[in-house]
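Trainee: I should like to examine this model term by term and to ask how each label is justified. May we begin with the sequence and structure in view?

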Amino acid sequence: MITVTEHAREVLRSYERPEGTALRLDPANGHGPDGPLARLGFGEPRGDDQVVVDREGEEVLRIDRSVSEGLNGNEISVVSTLAGPGLDIREPTGTWPLPEDS
């Protein structure tokens, strides 16, 4: 399962969806250094998708099962770019292994 920060849910909610489609995170060709590549776009909902909802219970994103499994434990968050806010997928902050006591 991929977690989505509240700020990222707000950004995802702002996307206007064509009628009858869902905002989806689907597999893209290849793998990056941190796992499979994914692309954000519009498409048909599928029964095995991971569904992300906002505070009001409105669906804001569907994540393809293979992407959700391949990036299990990662987090979608908002990052600042020169072009404005963007979305990033990475391991959540604070998950780095702590050094062992000697």
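Mentor: Let us fix one term at the outset: a residue is buried under 20% relative accessible area, exposed over 50%, and partly exposed in between (1.4 Å probe, protein chains only). The model is a predicted one, in which local features need pLDDT of at least 70 and side-chain atom pairs count only at pLDDT 80 or more, while totals for chains, interfaces and linings use all residues. Residues are numbered from 1 along each chain as its sequence is written, and side-chain values use heavy atoms, with hydrogens and water left out.

Trainee: Why is R24 called buried?

Mentor: The relative accessible area of R24 is 1%, and the limit for the term is under 20%, so R24 counts as buried.

Trainee: What makes the pair of R24 and D49 a salt bridge?

Mentor: The term requires a side-chain nitrogen of Lys or Arg within 4 Å of a carboxyl oxygen of Asp or Glu. The side chains of R24 and D49 meet at 2.5 Å, N to O, so the criterion is met. This pair joins distant parts of the chain, with R24 in strand β2 (residues 22-32) and D49 in the loop between β3 and β4, 25 residues apart. D49 is buried as well, at 9%. Both residues also belong to a network of salt bridges that includes D26, R46 and R62.

Trainee: How do you know that E56 is exposed, and which residue is its salt-bridge partner?

Mentor: E56 has a relative accessible area of 63%, above the limit, so it is exposed. Its partner is R13, with the closest N and O atoms 3.6 Å apart. E56 lies in the loop between β4 and β5 and R13 in helix α1, 43 residues apart along the chain. At 29%, R13 falls between the limits and is therefore partly exposed.

Trainee: How many salt bridges does the structure hold?

Mentor: There are 13. Another one of them joins R65 and D48 at 3.4 Å, N to O. R65 belongs to helix α2 (residues 65-70), and D48 to the loop between β3 and β4, 17 residues away.

Trainee: What makes residues 3-4 a strand, given the name β1?

Mentor: Strands are DSSP runs of E with at least two residues, helices are runs of H or I with at least four, and both are numbered from the N terminus; residues 3-4 therefore suffice. The chain has two helices and seven strands, in the order β-α-β-β-β-β-α-β-β.

Trainee: How do you know that β1 and β6 pair?

Mentor: Two strands pair if DSSP finds at least two bridges between them. Two bridges join β1 to β6 (residues 75-81), so the requirement is met, and these strands run parallel. T3 stands opposite E75, and V4 opposite I76.

Trainee: Which strands form the edges of the sheet that contains β6?

Mentor: The open sheet has three strands in the order β1-β6-β7, with mixed pairing. β1 and β7 (84-90) are its edges, since each pairs on one side only. Seven bridges join β6 to β7 in the antiparallel sense, and V79 has G86 as bridge partner in β7.

Trainee: Which residues does R90 contact beyond its sequence neighbours?

Mentor: Contact means heavy atoms within 4.5 Å. Apart from neighbours within four places in sequence, R90 is in contact with N74 and E75. The C-alpha atoms of R90 and E75 are separated by 5.5 Å. R90 lies in strand β7.

Trainee: What makes L40 eligible for a nonpolar surface patch?

Mentor: Patch residues have over 30% relative accessible area and no salt bridge; like charges are joined within 9 Å, and nonpolar side chains (Val, Leu, Ile, Met, Phe, Trp, Tyr) within 5 Å. L40 is at 35%, so it passes the area limit. Together with Y15 and F42, L40 makes a patch of about 250 Å², the areas coming from the Shrake-Rupley method with a 1.4 Å probe, where for residues only the protein chains shown count as cover. L40 is placed in strand β3 (residues 35-43).

Trainee: Which side chains of β4 are buried?

Mentor: In β4 (residues 50-53), Q50 and V52 point to one face and are buried, whereas V51 and V53 point to the other and are not.
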